[in-house]
Amino acid sequence: MKFYDCSTAPSPRRVRMFIAEKKIEIEVVEVDLGAREQHSAEFQKINPYRTVPALVLDDGSVLTSSTAIVHYLESRFPEPALIGSSAEERALVMDLDWHIENEGFMAVGEAFRNRARSFAKHALTGRHEYQQIPELVERGAQRTAHFYEWLNSRLEQRQFIAGDNFSVADITAFVAVEFSAWIKQQPGPDHANIARWHTEVSERPSAGV
Ligand SMILES: N[C@@H](CCC(=O)N[C@@H](CS)C(=O)NCC(=O)O)C(=O)O
């Protein structure tokens, strides 16, 4: 397999953390998003969507979304389980992960991509050009605040987001919280449960990737 990564970008970090938790050895190819390598003809042959992460499988097929990649790796390398161990746990983790991606990760992205000058014509990632909408900076910030409220209450009586076990939901949320530094809107004094959980996750070796 070959993992197309960008060491500074949040989406591939979700997969890097997952790979580190599983202790899998995969060849890594760095794609320099700052140099716009994702738009090169060479990379488009690998991922026509022009985003990272991407995972090329041994049979040559390509997975182009974090979600598909982690589900594939979970099937091939089941231990330690990161997407639940029973049908119910798996469904819960997927449900939580979906909400975290859409309401946390995308909220931060919305605030960030609609403000940063370098994304003036690329307010959304991918192959099409979309202009920024300045109003979405404020909406992204509001959604991020709502995400923190939700996450803080979710962690009130649970060690991890899905319960007693660390899961991919913790990875997605952890990367989203770290990504929020880019919009200078990290969790604050009202979010003691997030702070406790963030400290615990930060101590895992996978948090260093
Ligand atoms: N849903 C995709 C999103 C991937 C994505 O948007 N990645 C960003 C990096 S965090 C990217 O490739 N950006 C390229 C660009 O901005 O042109 C996934 O999670 O795999």
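**Entry 1: Pro-80 and the cis bonds**

I started at Pro-80, which lies in the loop between α3 and α4. The model is a predicted one, and I read each entry with that in mind. The peptide bond that joins Glu-79 to Pro-80 is cis, and its omega is about -10°. I noted the background too: most peptide bonds are trans.

I then looked up Pro-53. The bond from Val-52 to Pro-53 is cis, with omega near 10°. Pro-53 sits in the loop between α2 (41-46) and β3 (54-56).

**Entry 2: Asp-5**

Next I went to strand β1, residues 2-5, where Asp-5 is found. Is Asp-5 buried or exposed? Asp-5 has a relative accessible area of 4%, so I wrote it down as buried; the cut-off for buried is under 20%.

I checked what the side chain of Asp-5 does. It makes a polar contact of 2.6 Å with the side chain of Arg-16. Then I listed what Asp-5 touches, setting aside neighbours within four places in sequence. The list holds Pro-12, Arg-16, Val-28, Val-29, Glu-30, Val-31 and Val-52. I marked Val-52, which also begins the cis bond to Pro-53.

**Entry 3: helix α1**

Arg-16 led me to α1, where Arg-16 is one of the buried residues. Helix α1 covers residues 10-22, 13 residues in total. From first C-alpha to last, α1 reaches 19 Å, close to the 18 Å expected.

How many of the residues of α1 are buried? I found 11 of the 13, so α1 is largely enclosed by the rest of the structure. Among the buried ones are Pro-12, Val-15, Met-17, Phe-18 and Ile-19. Charged names appear in the buried list as well, including Arg-13, Arg-14, Glu-21 and Lys-22.

I then asked what the buried residues of α1 pack against. The partners are β1, α3 (66-76), α4 (87-113), α6 (168-179) and α7 (192-202).

**Entry 4: two lysines with positive phi**

Just after α1, I stopped at Lys-23, which takes a positive phi of about 55°. Lys-23 is in the loop between α1 and β2 (27-30). With a relative accessible area of 72%, Lys-23 is exposed.

I looked up Lys-184 next. Phi of Lys-184 is near 55°, a positive value in a residue other than glycine. Lys-184 is placed in the loop between α6 and α7. Lys-184 counts as exposed, at 78% relative accessibility. For background I noted that most residues other than glycine have a negative phi.

**Entry 5: Gln-185**

I moved along that loop to Gln-185, which is also found between α6 and α7. Is Gln-185 buried or exposed? Its relative accessible area is 19%, so Gln-185 is buried. The cut-off for buried is under 20%.

Leaving out residues up to four places away in sequence, I found Gln-185 touching Ala-141, Thr-144, Ala-145, Tyr-148 and Ser-180.

**Entry 6: helix α6**

I turned to α6 itself. The 12 residues of α6 should span 16 Å, and its end C-alpha atoms are 16 Å apart, which agrees. α6 is mostly covered, with 11 of its 12 residues buried. Among those buried are Asp-170, Ile-171, Phe-174 and Phe-179. The cover includes α1, α3, α4, α5 (135-154) and α7.

**Entry 7: α6 with α4**

I checked how α4 and α6 meet. Their axes come within 9 Å and cross at roughly 10°. That makes α4 roughly parallel to α6. On the α4 side, the contact includes Val-93, Leu-96, Ile-100, Gly-104, Phe-105 and Phe-112. On the α6 side, it includes Val-168, Thr-172, Ala-176 and Phe-179. By class, I noted 12 nonpolar, three polar and two charged residues in this contact.

**Entry 8: α6 with α7**

Last, I looked at α6 against α7. They pack at an angle of about 105°, with axes 11 Å apart. α6 and α7 are therefore roughly perpendicular to each other. From α6, the contact uses Asp-170, Ala-173, Phe-174, Val-177 and Glu-178. From α7, it uses Trp-197, His-198, Val-201 and Ser-202. I noted the classes here as five nonpolar, two polar and two charged.

Definitions and conventions. Residues numbered from 1 in each chain as written. Predicted model: local features only at pLDDT ≥ 70, side-chain atom pairs only at ≥ 80, totals over all residues. Heavy atoms only, no water. Helix = DSSP H or I, 4+ residues; strand = E, 2+ residues; numbered from the N terminus. Buried < 20%, exposed > 50% of the residue type's maximum accessible area, 1.4 Å probe, protein only. Polar contact = N/O pair within 3.5 Å; in protein donor to acceptor, adjacent residues only side chain to side chain. Contact = heavy atoms within 4.5 Å. Expected span 1.5 Å × (residues − 1). Axes fitted to C-alpha atoms, helices over the stretch in contact; angles between N-to-C directions. Parallel < 35°, antiparallel > 145°, perpendicular 65-115°, else oblique.
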